[in-house]
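This report describes the fold of one protein chain for a reader who has not met it before. Please view the sequence and the structure first, then follow the description below.

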Amino acid sequence: MQIEDAVRPEKRKCALTQEEKIRRKKRKRKRKLIRIAAIGMTIALSFALIAGIIALVFFVSGRTGRQSRIQTVLSEEIQTLKDGRKGKWQDFYAAELAMPALDVELLTINEFSRPGIALPEVKNIFIHYTANAGTTALQNRSYFESLAETHERSASAHFIIGCDGGVVQCIPTGEIAYAVMKRNYDSVSIECCYEREDGQFTDRTYQSLIELTAWLLHKYELAPEDVLRHYDEGGKICPKYYVENEAAWEQFLADLSEYMEQRAGMFMDL
Ligand SMILES: [Zn+2]
């Protein structure tokens with residue numbers, strides 16, 4: 001028994017070792033497999049990640065490229081439009097255009113109608129009516145001048161056209177007038193006298209207005225679309241007839257364009 005006992009454990013040990021060896025082998029194989037699987041998965045994931053990053057980079061750069069291409073095309077189109085609009089009037093700008101006859105009766109410099117502040121730029125020409133039927137250009141000029149004393153309100157315009165077609169200049173074009181709230185620093189204003197209660201200008205006023213406006217568009221290289229009613233900036237019913245009769249305003253712009261085309265053509269032929 002003793003011997004057996006002494007041998008058995010030896011045998012068992014041997015047997016266990018065999019089993020253990022097999023188990024270890026199995027475990028080893030399992031670990032190896034797991035390692036291989038892990039490495040495989042890591043490699044696959046890395047590839048997927050790299051592919052994802054590359055795809056993202058392509059997508060983003062493609063988008064940015066597209067956006068910048070769109071922006072370039074848009075800005076080119078805007079420029080073309082601008083050039084086209086200006087281009088249409090190049091002959092007119094190039095033409096020698098005489099200054100219309102002006103009665104220069106400048107206001108004295110004062111806080112209420114001629115502040116003497118430099119006008120930095122001109123983007124639009126604004127058309128007004130005096131809102132005082134039957135008054136003359138000089139009477140309206142006197143009203144602007146009187147504001148220096150009365151301090152009643154701030155008001156003025158660069159030019160006033162009378163019902164007889166005569167033009168009175170109150171303020172040099174290099175200075176601001178108090179004519180269009182918020183736009184006094186980038187526009188020139190023309191007041192028009194009228195006789196009819198509905199505010200329609202006389203033929204003489206209308207003709208002088210076309211000539212004076214065209215001369216200003218020529219001076220500042222602007223287009224007929226840059227001529228606005230006081231109404232277009234702030235909604236004041238001014239000039240009344242041309243606010244209440246949209247077609248009459250469209251007609252004025254058409255007549256102005258025609259006059260400009262004629263001037264351009266006339267000098268082209270010379
Ligand atoms: Zn006005």
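In this predicted model, six strands form an open sheet in the order β1-β4-β3-β5-β2-β6, and their pairing is mixed. The edges of the sheet are β1, residues 103-104, and β6, residues 227-229, each of which pairs on one side only.

**The chain as a whole**

The chain contains six helices and six strands. Read from the N terminus, its elements follow the succession α-α-β-β-α-β-β-β-α-β-α-α. Of the 270 residues in the chain, 26% are buried. Among contacts with a separation of 6 or more, 74% are between residues 24 or more positions apart.

**Pairing within the sheet**

The table lists three of the strand pairs, with the sense of pairing and the number of bridges.

| Strand pair | Sense | Bridges |
|---|---|---|
| β3 and β4 | antiparallel | three bridges |
| β3 and β5 | parallel | three bridges |
| β2 and β5 | parallel | six bridges |

Strand β3 covers residues 159-161, and its antiparallel partner β4 covers residues 167-169. Which residue of β4 stands opposite Ile-161? That residue is Val-167. Ile-161 also stands opposite Cys-192, which belongs to β5. On the pairing between β2 and β5, which is parallel, His-128 has Glu-191 of β5 as its bridge partner.

**The surroundings of β5**

Strand β5 is mostly covered, and six of its six residues are buried. How are these residues divided between the two faces of β5? On one side lie Ser-187, Ser-189 and Glu-191, and on the other lie Val-188, Ile-190 and Cys-192; all of them are buried, and both faces are covered. Such a division follows a general pattern, because side chains in a regular strand alternate between the two faces of the sheet. Two of the residues named above as pairing partners thus return here: Glu-191, the bridge partner of His-128, and Cys-192, which stands opposite Ile-161.

**Helices across the sheet**

Two helices may be described in relation to the strands. Helix α3, residues 137-150, lies across β3, β4 and β5, the last of these being residues 187-192. Its direction is at about 150° to β3. Helix α4, residues 203-220, lies across β2, β3, β4, β5 and β6, where β2 is residues 124-129. Helix α4 runs at about 170° to β5. Strand β5 is therefore among the strands crossed by α3 and also among those crossed by α4.

Methods: Residues are numbered from 1 along each chain as its sequence is written. This is a predicted model: local features need pLDDT of at least 70, side-chain atom pairs count only at pLDDT 80 or more; totals for chains, interfaces and linings use all residues. Two strands pair if DSSP finds at least two bridges between them. Helices (H or I, at least four residues) and strands (E, at least two) are DSSP runs, numbered from the N terminus. Two residues are in contact if their C-beta atoms, placed from the backbone, lie within 7 Å. Axes are lines fitted to C-alpha atoms, for helices over the stretch in contact, and angles run from 0 to 180 degrees between N-to-C directions. A residue is buried if 20 or more other C-beta atoms lie within 10 Å of its own, exposed if 12 or fewer, and partly exposed in between; C-beta atoms are placed from the backbone.
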